[in-house]
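I have opened a fresh notebook page for a new protein. Here is what I looked up, entry by entry.

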Amino acid sequence: MEIRSKNAELDVLYPEGQNVEEKEQENDEPFQFKGSKRSGLRPSIKAKRTRVLREGSSESKDIRLLETESLGKILVVNGKLLSAEKDEFILHECLVHPALLFHHNPKSVFIMGCAQGSSAREVLKHRAIKKVVMCINNKELVNFCRTNLTKNKEAFRREELHLVFKDAIDELEKSKEKFDVIVGDLAEPLEEDASFMLYTKYFY
C-alpha cells in the first residue's frame, strides 16, 4: 500500500477514525518524561511550561503533540517521548548520513519505523536518491505526524517517498526488490514492543 500526503500543506487535517482536537490550555506545571529503567538508571526529562497543541487516539495509541519552552514541539505516544523538535536532528543525521555517504551510489533506501518522517527527510537530502520506502505498521500514528509535524511536511510530499503500512520483517522477506541502504529507526528493544524482532539475530 502506498499513501501520498496530498493535503500535507493543511495545518488541520485529521485522519478518519482518529479523535483529534486542539487545546489552547497552558500548563505551568513541568512536563516530566521518565524512560525505561535499565541497570538501575532511569533517564528523565523535565520541560517547563507546556501547551497541548494536538491530541489523537487510535485503538492502540494515545498521541499528544505538546509545545514546550525548552524542547520545542514534542511528540508523546502512550506517555513516552518519541521525538523532540529541538534535538531530534542529532539522532536522525547520525543515523542516516554515514551509511549513505559510505555507499558509493545509493539510489534506493528502505526505512524501518520513524512514523514522524525525520529519517525520510534526511535521506531525501541526498540528490541521488530515487526511491525511499518507509515501512511501519501504525498507520494512525503516521497520519498524525504527517499532518501535524510541520518540519517534515515537505518530505511527506516528495514523489520518491512510498509509505507501506506493514510489518517490516514480513515486507522485506516477501519483497523481490533490493535496496542499497536499509535504515532502522526503531523504538527500544523491549519484548512487548512490535519492533523487538528487528533487533534479533533471526532478522539479520
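**Entry 1: the cavity.** Before hunting for empty space, I wrote down what I would count: a cavity is a set of grid points where a 1.4 Å probe fits but cannot get out. I also noted that the model is a predicted one. How many cavities of 30 Å³ or more are there? I found 1. The volume of the largest cavity is about 140 Å³.

Next I asked which residues sit closest to its centre. The lining has 15 residues, and the closest to the centre are Lys73, Ser83, Glu85, Leu149 and Lys151. I then looked at which elements give two or more residues to this lining, and noted β6 (72-77), β7 (80-84) and α2 (118-123). The biggest share comes from β6, with 3 residues. I also sorted the lining of the largest cavity by type: 5 residues are nonpolar, 5 are polar and 5 are charged.

**Entry 2: the hairpin.** Since β6 and β7 had both turned up in the lining, I followed them further. How do they pair, parallel or antiparallel? They are antiparallel, with 4 bridges between them. One pair I can point to is Val77 with its bridge partner Lys80 in β7. Together β6 and β7 make a hairpin, with 2 residues between the strands. In the turn I picked out Asn78, which has a positive phi of about 50°.

**Entry 3: the open sheet.** A reminder to myself: strands of a sheet pair through backbone hydrogen bonds, either parallel or antiparallel. Here I traced an open sheet of 4 strands, paired in parallel, in the order β10-β9-β8-β11. Which strands are at the edges? They are β10 (161-164) and β11 (181-185), and each of them pairs on one side only. From one strand to the next, the twist averages 20°.

I zoomed in on β8 (residues 108-113) and β9 (residues 131-135), which are parallel and joined by 5 bridges. Across from Phe110 I found Val133 in β9. Then I looked for a helix against the sheet: α1 (residues 88-102) lies across β8 and β11, and its direction is at about 165° to β11.

**Entry 4: the whole chain.** Last, I stepped back. I counted 5 helices and 11 strands in the protein chain. Of its 204 residues, 45% count as buried. I also checked the contacts with a separation of 6 or more: 59% of them are between residues 24 or more positions apart.

Note on methods: Residues are numbered from 1 along each chain as its sequence is written. This is a predicted model: local features need pLDDT of at least 70, side-chain atom pairs count only at pLDDT 80 or more; totals for chains, interfaces and linings use all residues. Side-chain values use heavy atoms; hydrogens and water are left out. On a 1 Å grid over the protein atoms alone, a cavity is a set of points where a 1.4 Å probe fits but cannot get out, and a pocket is an open set with protein on both sides within 12 Å along at least five of seven lines; lining residues have an atom within 4 Å of a point. Grid points are joined across faces, edges and corners, and a volume is the space filled by probe spheres set on the points. Ala, Val, Leu, Ile, Met, Phe, Trp, Tyr, Cys and Pro count as nonpolar, Asp, Glu, Lys and Arg as charged, and the others, Gly among them, as polar. Two strands pair if DSSP finds at least two bridges between them. Axes are lines fitted to C-alpha atoms, for helices over the stretch in contact, and angles run from 0 to 180 degrees between N-to-C directions. Contact means heavy atoms within 4.5 Å. Buried means under 20% relative accessible area, exposed over 50%, partly exposed in between (1.4 Å probe, protein chains only).
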